[in-house]
Amino acid sequence: MIQTSGVIICLGYIFGLLFTAVPWGGVWILILGIVGAILFRRRTSIQQLAQKAEKAGSKNKAVPNTWQTNPHPRIWLAAGLVGLLATLYFQWRVPQPGAKDISQFVPPGNSSNQEQLVIVRGEVASNPRLTRSQRGQFWLEATQIDEVKNEKGSAGVPKGVTGKLYVTVPILQATGLYPSQQIAVTGILYKPKAASNPGGFDFQKFLKQEGTFAGLIGRQINVLDQERKWGWWQIRERIVRSQVRWLGIPEGPLVSAMVLGSKAVDLPYDIRDLFVQAGLAHALAASGFQTSLILSVILQLTRRAKKATQFTLGFLALIIFLSLTGFQPAVLRAVIMGFAALVGLLLKRKVKQFGSLLLAATLLLVFNPLWIWDLGFQLSFLATLGLIVTVPALVNRLAWLPPAIASLIAVPLAATLWTLPVQLSVFGVVPSYSLLLNVVSTPLISIISIGGIISALVGLIWTQAGSFIASVLHYPTDWLIKLVEFFSKLPGNSVAVGSISTWQLLTIYLLIILVWLVPWWQRRWWVANVIAIGLVFIPLWHSTNTLFRITVLESGTEPIVVVQDRGTVTVINSGDEGTGRFTILPFLQQQGINQINWAIATDFQGNESNAWLELLQRLPIKNFYEYSPNPENSIATQAIQQELQKHQGFYQPMAVGQAVKTGLIVAQLINAQLPILQLQILDQNWLLVGNVKSKEVQQLVKNGSLPRPQVLWCSPQSLKDLVIALQPQVAIASSVNFDPKVLSELNQSQTKLFFTGRDGAIQWTPDGQFEAFIEAAENKSSIL
């Protein structure tokens, strides 16, 4: 009864934290606790009456005491109160910038033409890492800020500050930095932006989870303290160097990542992306597998020693492993469960894995309740829960197979079942061959992990010996990389189904729990599968066949338009490579789009459509139209044609005046010298105008070359002239900073203005108004 009560109290705390996403969540969890107390009180009373009646009928008959296993009603009430307190505790622990936080010193409206250099002094809080833009990145605990008045130096008065900064610097400036080092960074302070496009990365939310509210674009670093202080980073660095020395790159960093976790190792992004897209991201995360492996080796080597000795050595091994990996939530969860197993060994008692997992989750969320929304914590907890409660049932159903093979299939299948709904909610993509790849790659992952741990231990004692042992792993590691590459190149290696909503997520998990706990559903598990699949694909099918929507993405200086026309997708322009990877692809995945039917490249900024290659490597394009001044000399165009041929796509150079019809849209480039694209969408005329000068605008208007549009997109430099001349109903510009006087003049016109730099993506449907993504997201957040 005590164990059951503890489970209910822990669940009350966890659900209380989850209910922070619901209006008045604490009140609702308390009401649920009261309802549970009332229902179980009635149930207990009925069972007590049945017990008395049974005693009266037969005094000698044994009376079943099953009712005593039910928790007392006050336990449910206590769980509701704990849940209420959890919501309050969560709000109390949400990071907020203090009065002297470094973010308070970010100049308002900081922009490229109003850059203010500052010198920030502080202590390095992490090892430098390489970003995708090939810059060094690290965390800095700020202690002092000083404003730079001129190029020769600083004339400001230093001010004491607090808080942590997200710092990026040129890679050579970051080389040689280490934690606890005192430095001064000269650069530009900025505040992080929230997601500007659907499916985009929320940098502001990411930093807030780390307790950070500002970033620093560093230009120069001055080291103030040359003394090297001891830290776990030195041991971690010694292990990585030992394994990389003879293994090379990328094999060496991959082995280190599989031992210490990718967050503790600077793993190349191409390898990291390859594993994530193939559904093997868990292989790069230090967690339960490594913890179990370490404990197994320790207990096997000390099997003849006393229990106290085994406990002590196991405890020390877990502490060392935890320190090396950097106290990540997934590792903390695994280590706490490992401690529970050691305690059970010492006390000669069998530890229930479910209770151990629940206790670990509760302790971690008491330590940091914000981890309830940490994706790594969620996936680690759900995958472990699946291994505990679902693997035995799957192994029983696979009893016709040899036990080793049945276990090999059951483990990744159970983890996938419990984590896939969350992955669909966040990413909206299903790795098609993930299960098969996990089954095939498990032996290689086991060999590499075991060998990596052994080489790490030996490398700490004798670096060259550790390098020699790591070199033995060259072929298994190389085979693993090639195996992942093979599966990633198979047709349909990932299927975008769109990000599922909260109600879909909760319903699917309810079905999983019913199959876990209720015998009726266990016998009809296939019904639950059919319902879950229907919950994902029926809304997707309905949306694909009925939705007509135009989205103008926030992408900087080039207009990128995505048209969803009842299953037919048109993409106009692509921006640079970063825009394709971090803006267009996440949006298409969130919408469940797996191919582009029509692509129109107008080369507004003269970048030769660099992002189209990135898109083509991930999604097939059926029809590609491109306008380029010299397409025969464009290397990018030749590469695009080669990629199109792989998917039997059609390439067509686009001429001025040529009308391209894509479903309900007619696109036409109306000027050869200036980038001007006209779109006829239903009964609306859209005009996309590139960077044109004021005199050119006036000349075009006089010549009648510019038709009056209902919707105008243009650069901020020509916004005033074009709005006055064309008087559109809606005008969209890219800049977030605008001259207040000019903006005041424009607001007096009948034109409704949007700025993607301020408002994010702009979306329109035929039966609705134009909607700004950031405003819609803020309204949704205020409701939640």
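**Exercise 1. Find which residues touch the most other members of the largest nonpolar core, which has 86 residues.**

Start with the term: a nonpolar core is a set of buried Ala, Val, Leu, Ile, Met, Phe, Trp, Tyr and Cys residues joined through side-chain atoms within 4.5 Å. Buried means under 20% relative accessible area, with a 1.4 Å probe and protein chains only. The residues to mark are Leu254, Leu260, Phe275, Leu365 and Leu480. Next, take Leu254: leaving out residues up to four places away in sequence, its contacts (heavy atoms within 4.5 Å) are Leu267, Ile271, Phe275, Leu284, Thr477 and Ile481. Finally, look for a second, separate core of 29 residues, with Ile550, Val563, Val660 and Ala667 among them.

A word on the model: it is predicted, so local features need pLDDT of at least 70 and side-chain atom pairs count only at pLDDT 80 or more, while totals for chains, interfaces and linings use all residues. Residues are numbered from 1 along each chain as its sequence is written, and side-chain values use heavy atoms, leaving out hydrogens and water.

**Exercise 2. Is Ile621 buried or exposed, and which residues does Ile621 touch?**

First, locate Ile621 in strand E14, residues 621-626; strands (E) are DSSP runs of at least two residues, numbered from the N terminus. Second, check accessibility: Ile621 counts as buried because its relative accessibility is 0%. Third, list its contacts beyond four places in sequence: Ile596, Ala599, Trp612, Leu616, Leu644 and Gly649. Last, try a distance: the C-alpha atoms of Ile621 and His647 are 7.4 Å apart, though 26 residues separate them along the chain.

Terms used:
Buried < 20%, exposed > 50% of the residue type's maximum accessible area, 1.4 Å probe, protein only.
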